[in-house]
Every structure is written in structure tokens, then in C-alpha cells.
Amino acid sequence: MESSNLVLQGLMLFLLLFLMGQANVYTRAGKKRWSGEGTSPHLESIFLGRCNEYISVVNPELSEKNCSAIWEAFESVLHKDPCSVLPSDYDLFINLSRHSIPRDKSLFWENNYYLVIAYADNARRLMPITDVLYGRVGDVINWCRQENGSDFDYHSCPTVEDCENNAVDSFWKRASSQYAHDSSGVIHVMLNGSEPSGAYPVEGFFAGYEIPNFQKDKVTQFEIWVMHEIGGPYLPVKLLKCLDYPAHADCIFNSAAESTQQRFPSLFGGKWDPSLMFFLFLTLASEIQL
Amino acid sequence: MVRESSLHWGQKCRCLLLGLTVILILGAVVVFAAVIFARRRDPPAELLQWKGRGSTDNLKEIMLGRCFTYIRTVNPELRKDCLKIWETFKNAFISKNPCNITEQDYQPLMELAAQPILCNKTLLWSKTNELVHKYTKVQGNLLTMEDTLLGYMADGLTWCGNPSSSEINYQSCPEWHECANNPNLIYWKTASRAFAEAACGVVHVMLNGSINQPFGNSSIFGSVEVPHLNPKKVHLMKIWVMHNIGGQPSDSCSSSSIKELKSIIEGRNITFSCEDDHRAAQLIQCVGNPEEPACRVCRTES
């Protein structure tokens with residue numbers, strides 16, 4: 001009788017401990033605090049590697065830049081709450097990493113990241129923000145501080161749904177503003193005409209942080225390319241899309257046929273939705289007072 | 001009196017002598033110490049001088065960053081220890097004479113960083129560096145050596161060590177004509193051999209039809225990759241001979257150079273096919289030259 005009691009008590013104790021253990025595991029790894037993915041693993045190594053590669057290999061004129069100092073300035077956002085990071089918190093980072101952008105080489109875009117990367121060809125053809133040092137180091141990675149700690153949070157990070165002043169969005173706001181400010185000459189803009197919500201996102205980065213920062217005395221012209229899925233008008237970019245569909249009717253070469261396309265579509269040419277272009281032109285004109 | 005003064009003088013003399021000796025000894029000690037100290041500050045070994053440019057600045061940071069980027073974004077299924085890979089890589093050439101590097105030096109790295117290569121994905125190349133990599137970057141289906149971890153980490157970089165020194169030599173590194181067994185060339189030979197040995201199914205090759213000899217057995221393709229393809233795994237080799245977009249179109253598939261390659265490949269029991277100006281790769285050339293006649297697109301819409 002007594003021994004069976006003991007066994008029963010032992011079993012209950014074991015069960016209790018087991019359940020507690022499970023509950024512990026659940027609260028630790030179960031519910032995530034924020035809606036975005038956590039800080040990228042090996043963030044510092046990736047950041048330093050990209051920075052060093054950029055100044056040593058891609059753009060050797062920048063060899064005097066100090067990547068460790070740039071990393072420290074970047075990392076200083078760890079001093080702030082994950083929902084209190086402002087674009088101005090990256091001022092020192094930008095000051096240490098900014099450099100001139102060659103005239104006529106800027107490429108702005110919305111909703112066509114992979115096409116832009118392919119076309120820009122690692123800063124050889126054009127230089128979108130991801131081919132500028134401060135854009136290169138932040139590209140495709142994620143970061144934020146823990147809510148109750150001073151280290152990076154590798155489980156989850158806030159997105160705009162959680163709060164506006166998160167580390168990554170503020171970074172791109174600051175970087176985009178700088179990129180627009182430092183651009184000069186012909187400004188290229190690539191928009192996605194097949195985007196269901198419209199080629200020109202009224203609340204996007206281009207509208208909010210790039211257009212307001214163009215320097216009117218340095219910009220000479222805007223070239224807008226509205227790309228569509230495989231039917232796009234600008235030939236070189238369309239050719240890149242043809243790689244995925246070489247047998248498509250639009251991609252069949254014929255050296256005898258005359259090309260009736262304009263090589264550089266002007267603001268009012270082509271077959272785009274005129275209201276879209278008018279709207280875009282109005283916005284640009286009013287923002288920078290051409 | 002005289003005796004006293006002479007005695008006094010003797011004592012003074014002795015004091016003087018003693019003092020002088022002490023000063024001399026001290027001086028010698030100081031000089032000796034200075035010499036030793038100066039010697040210690042010089043590097044123990046002399047850095048060998050070469051004609052080529054030195055190791056790439058920040059080599060470790062670049063290679064580590066590339067390794068982490070590769071396993072995180074380019075090929076997330078690959079689980080590798082990047083720090084260990086860096087150490088193993090460094091040990092292959094550190095403290096060695098950069099003229100005496102062997103493939104064995106890189107074997108530990110090969111084993112550590114090897115990755116499985118899927119069948120029908122291998123793309124070899126010769127004298128088409130820029131075009132072939134633009135192609136794989138955009139098209140994303142085939143893999144060149146430089147799209148694997150080993151190639152990705154080292155592409156475009158230079159490195160060498162120095163005998164009896166544990167430092168990377170950033171001043172200079174040997175060029176090919178100074179010594180053939182230098183750390184860079186041996187690295188690419190070793191990695192290319194492993195890459196060719198791992199190929200299976202259909203192997204694609206992009207060659208340059210605008211040079212004299214699209215296929216040469218002095219290139220890494222001809223001397224390392226072709227001989228190490230395994231006929232038990234590889235059953236077909238498809239050659240794309242690309243020409244400069246503005247140049248004269250020519251039929252390089254029937255040239256003697258390609259015929260030589262054909263006989264080598266068929267002699268190893270691998271089927272051979274050849275195509276001039278493969279359409280998809282030509283599209284990449286057209287991106288930079290849309291005005292060329294070969295790039296005119298037939299307009300079907302108004």
C-alpha cells in the first residue's frame with residue numbers, strides 16, 4: 001500500500017515537472033514578440049565583409065573608409081528601443097559611409113528589385129541604392145534590438161505593422177533621402193506597370209523620401225521606365241525578362257524588321273496610361289519645382 | 001709628504017680608472033641592449049618580394065562575409081562553419097613559400113567546403129568570364145565554379161604567405177610567370193578539378209568564338225576540367241560558342257579548335273553537341289548593346 005502510494009506520488013511529481021518543462025519551452029520559443037523575422041545571423045560578419053569588399057574591390061577609390069567605424073556607427077541603434085529608432089539615428093553612419101554618386105547613374109525603383117539588380121550589373125551600368133556603400137551593407141538583411149536587453153534580437157523584429165520607427169525602415173528612409181540628395185544629372189526611375197495597385201505607389205519610398213530630396217539645381221532630367229511583365233517597352237530591360245521566356249512572341253529576334261520602339265521613352269511618349277504619366281509628372285514638377 | 005701625495009694621487013688614479021671602467025661597462029651594456037632591442041623590432045624573417053600585387057586588403061573580412069552571405073542567401077541549405085573554413089583556407093598557404101604550393105595543401109579545405117552539385121547544373125567556361133557570370137546571375141539555373149561556395153569566396157581575390165612568417169603578404173604576391181605553383185593558381189586548379197569530378201548528367205560549356213582558339217588545352221577548362229569529367233556520370237556535353245555581339249557571325253562549331261574538343265570528349269565516351277550564339281546568352285549581350293542588328297526584336301504589337 002505504502003509503496004504504491006510512493007510510486008503514485010513519484011509519477012505525479014514527474015508529470016508535474018514534465019508539464020512545467022513543456023510550458024517553459026512554449027513560452028520561450030512559442031509566441032514571437034514582433035511580426036517580422038529576427039536579426040540576420042552573423043550580421044556583423046556579413047556587414048563587415050560587404051563593406052570591406054565594396055571599398056577594396058567594387059569601388060577602390062573609397063579605400064580610406066573605415067569599415068569598423070562604420071559598423072560601430074550602425075550598431076549604435078542598439079542604444080534605442082526597437083520601436084524608437086528614427087532616421088536621424090543613422091546620421092553618423094551615413095556621414096561615415098556616404099560617397100559621391102556618378103552623374104547620370106542613379107536608378108530609382110519601386111516593386112521590381114530583382115530586375116533592377118540584374119540591369120544595374122553591380123554598379124557597372126547604373127548605380128541603384130544597393131550599389132552605393134550605405135545601401136550595399138544593409139541590403140536584404142534584417143536587424144533590431146531586444147525589447148528588454150541590449151543585444152540584437154534574433155527571434156523577431158518589428159515591421160511597420162508593429163511600429164513605424166523600427167530599425168530597418170528608418171534605415172532605408174535615411175539612406176533613400178541621402179541617395180536622392182546626392183544624385184545628379186539624368187535620374188532613371190523604373191516602375192512596375194504590372195503591379196496591380198499601380199505603377200507609382202503614392203505612399204512608397206520613392207514618393208515619400210526620394211522625390212522630396214532631389215536637388216533641383218543638380219537634376220537635369222527624369223527618365224521613367226514603366227516595365228510590364230514581358231511586354232515592356234524599354235528594350236534592354238525587356239531583354240532581361242526574355243531570358244525566362246525566350247520563346248515568347250515578344251522575344252523572337254528578326255534582324256530584318258525595323259525597330260519602331262523609342263530607345264529612351266520620353267515622359268509623354270509611348271503607350272502608357274496617360275493619366276498615370278500626367279500624375280507622375282505633376283507630382284515631380286510640384287515637388288522639385290521644375 | 002711626497003709619499004703621502006703620491007699615495008693620494010694613486011688613490012685618485014685608481015678611483016678614476018674604476019669610474020672609467022664602470023662607465024665603459026655601462027656604455028657597453030646600453031649599446032648591447034640597444035642593438036638587441038633594435039634587432040627585436042625588425043621582423044624576424046625577410047618578406048619575399050614578388051612582381052604581382054599583394055594580397056587583397058581585408059582578405060579575412062571579405063572571405064568571411066562572402067561565406068556567411070553564401071550560406072545564408074545564395075544556398076541556404078548548405079550548413080558550413082565559415083570560421084573553420086577561413087582557418088583551414090589560411091593554413092593552406094600561411095608560412096609557406098608561395099612558389100611551392102601543392103594541391104595537397106588545399107585538400108583539407110576541399111573536404112570541409114565541398115558541396116553537393118546537382119545533375120545537369122554544371123556550367124563550365126573558358127575566356128567568357130564576364131558573359132558567363134552575368135548569365136548565371138540573371139538566369140539562376142546553371143552553376144559555374146564561381147557560383148559554388150569555394151568559388152564564390154575566392155573570386156577576384158589575391159592571397160599569398162611568406163616562409164617562416166605567420167602573416168599574409170599584403171605587399172606583393174608571385175605572378176604566374178614567376179612561379180606556376182602559386183597559391184591562387186593552385187587553388188583554382190584544385191577547386192576546378194573537384195567541380196568537374198562532381199559534375200553529372202548534362203554539362204554545359206560557354207566558349208568564346210571571337211578569339212583564335214575557343215578551345216585550348218592550356219586553359220583550366222582544357223587542362224583540368226575536361227580530363228576530370230567522369231564518363232560514368234556525365235553523358236552529354238553541350239557547347240555554346242558565343243561571339244562578340246557587334247562582330248562577324250561565324251560558324252565556330254565547325255572550326256578545328258572545337259573539332260579537337262569534340263574528338264577528346266567523344267573519345268571519353270561522352271556525347272557532344274555544339275551551338276553558335278545560344279539565344280539566352282545572346283540576350284545578355286543584347287542588354288548592353290540593344291541597337292545591334294542581332295538584337296532587334298520583332299514587334300508583334302502596335
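Here are a few questions and answers on a predicted model.

The model is predicted, with local features needing pLDDT of at least 70 and side-chain atom pairs pLDDT 80 or more, while totals for chains, interfaces and linings use all residues. Residues are numbered from 1 along each chain as written, chains are lettered from A, and side-chain values use heavy atoms, without hydrogens and water.

Q: Why is A:Asp139 said to have no salt bridge?
A: A salt bridge needs a side-chain nitrogen of Lys or Arg within 4 Å of a carboxyl oxygen of Asp or Glu. The nearest side chain of opposite charge, A:Arg50, is 5.5 Å away, so the pair does not meet that cut-off. A:Asp139 is nonetheless buried, that is, under 20% relative accessible area with a 1.4 Å probe, protein chains only.

Q: What is A:Asp139 in contact with, leaving aside its neighbours within four places in sequence?
A: Its partners are A:Arg50, A:Tyr113, A:Thr130 and A:Trp172, where contact means heavy atoms within 4.5 Å.

Q: What makes a set of residues a nonpolar core?
A: Its members are buried Ala, Val, Leu, Ile, Met, Phe, Trp, Tyr and Cys residues joined through side-chain atoms within 4.5 Å. The largest one here has 105 residues, of which A:Phe93, A:Trp143, B:Phe89 and B:Tyr106 touch the most other members. Helix H2 (residues 59-74) of chain B gives the most to this core, eight residues.

Q: Why should residues 254-279 of chain A be read with care?
A: Their pLDDT, the predictor's confidence from 0 to 100, is below 50. Where pLDDT is low, the predicted coordinates should not be read in detail.

How values were computed:
Buried means under 20% relative accessible area, exposed over 50%, partly exposed in between (1.4 Å probe, protein chains only). Lys and Arg count as positive and Asp and Glu as negative; His and the chain ends are not counted. Helices (H or I, at least four residues) and strands (E, at least two) are DSSP runs, numbered from the N terminus.
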